[in-house]
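Subject: Structure handover

Hello,

Here is the structure you will be working with. Please open it first, then read the notes below.

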Amino acid sequence: GSLFLLMPDKLSPLWWSPILPLLFFFSAVAAGIALVMLLDLAVSRFFARPFQWGMLARLGQVLFGALLLYYVLRLGDLTLRGAWGQMAGLQGGLLLAEIVLGGLLPIVLLARKSWRDRKGALLAGIVLSLFGVILNRLNVVLLGMNLHGTLPGGLVQTYTPSLVEWTLSVSLIAAAVFFFAAGCKLLPILPKVEAH
């Protein structure tokens with residue numbers, strides 16, 4: 001987030017803020033909790049282990065607190081800077097989707113214990129909170145940019161990754177999944193499941 005502090009003229013005021021590094025940190029905390037919860041569900045599913053819905057519901061309360069803190073800071077920052085007046089067009093719609101779908105809706109779904117105990121509501125809260133942080137990063141890095149004029153050195157050139165770059169990226173992700181799965185099967189990483 002600190003890198004984008006250098007771009008107040010290029011990044012839309014809907015996302016540029018003097019506290020951008022702080023916002024990135026708190027959103028990363030929320031996304032980290034949500035991703036760990038999603039990975040626990042994936043491990044339980046793919047390794048035929050019992051789902052730990054009680055533990056995930058308790059983690060949902062922690063995710064609720066992290067999301068609430070982040071969105072209080074985010075909305076407070078937008079209000080104090082008077083950036084709400086910039087909500088127009090596509091960028092306004094993107095900000096609205098980020099805040100409503102990726103923030104307020106998961107906060108509501110995770111707010112009450114009775115809702116967190118519902119598997120569907122908990123899963124929706126997890127996925128929507130991840131969606132909100134990912135959309136925020138896309139907005140800051142790509143969609144919220146206002147690049148006026150030509151860049152030094154001439155016109156902007158488009159870049160398309162080569163087949164080798166795509167292959168390398170996909171191979172690294174596949175290798176990470178393979179080694180994680182092999183580690184879970186061969187090493188005592190996951191606790192033993194007692195037969196009933």
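Is R74 buried or exposed? In this predicted model, R74 is buried, because its relative accessible area is 2% and buried means under 20%.

Salt bridges

R74 is a good place to begin, since its side chain forms a salt bridge with the side chain of E98, at 3.4 Å from N to O. This pair links distant parts of the chain: R74 belongs to helix α2 and E98 to helix α3, with their positions 24 residues apart in the numbering. E98 is buried as well, with a relative accessible area of 0%.

The search of the whole structure finds four salt bridges. Another one is formed by D77 and R81, whose closest N and O atoms are 3.1 Å apart. Here D77 is buried, at a relative accessible area of 7%, whereas R81 is partly exposed, at 27%.

A further salt bridge joins D117 to K113, with 2.8 Å between the closest N and O atoms. D117 has 43% relative accessibility and therefore counts as partly exposed. K113 has 54% and so counts as exposed, because the cut-off for exposed is over 50%.

The cavity

R74 turns up again in the next item. The count comes to one cavity of 30 Å³ or more, and the volume of the largest cavity is about 30 Å³. Which residues line the largest cavity? They are W15, L20, L23, F24, Y70, R74, N136 and V140. Helices α1, α2 (53–80) and α5 (119–143) each supply at least two residues of this lining. Helix α1 gives the most, with three residues.

The pocket

The largest pocket has a volume of about 250 Å³. Its lining consists of L39, D40, A42, V43, F46, F47, A176, V177, F180 and A181. Two helices, α1 and α6 (163–186), each supply at least two of the lining residues. The largest share comes from α1, which provides five residues.

Helix α1

Helix α1 appears in both linings, so here are its dimensions. It covers residues 20–46, which is 27 residues, and reaches 37 Å from its first C-alpha to its last. That is close to the 39 Å expected at 1.5 Å a residue. Just after α1, A48 takes a positive phi of about 50°.

The nonpolar patch

On the surface, six side chains need a look: L96, V100, L101, L104, L105 and F131 form a nonpolar patch. Together they have about 470 Å² of accessible area. Which helix gives the most to this patch? Helix α3 (residues 89–111) does, with five residues. An α-helix has 3.6 residues a turn, so residues three or four places apart point the same way.

L104 is one of the residues of the patch and is found in helix α3. Why can L104 be called partly exposed? Its relative accessible area is 38%, and partly exposed covers values between the 20% limit for buried and the 50% limit for exposed. Helix α3 thus holds both the buried E98 and the partly exposed L104.

Regards

Terms used:
Residues numbered from 1 in each chain as written. Predicted model: local features only at pLDDT ≥ 70, side-chain atom pairs only at ≥ 80, totals over all residues. Heavy atoms only, no water. Patch = residues over 30% accessible without salt bridge, like charges linked within 9 Å, V, L, I, M, F, W, Y side chains within 5 Å. Areas by Shrake-Rupley, 256 points an atom, 1.4 Å probe, with all protein chains shown as cover. Helix = DSSP H or I, 4+ residues; strand = E, 2+ residues; numbered from the N terminus. Buried < 20%, exposed > 50% of the residue type's maximum accessible area, 1.4 Å probe, protein only. Expected span 1.5 Å × (residues − 1). 1 Å grid on protein atoms, 1.4 Å probe; cavity = no way out; pocket = protein on both sides within 12 Å on 5 of 7 lines; lining within 4 Å. Points joined across faces, edges and corners; volume = space filled by probe spheres on them.
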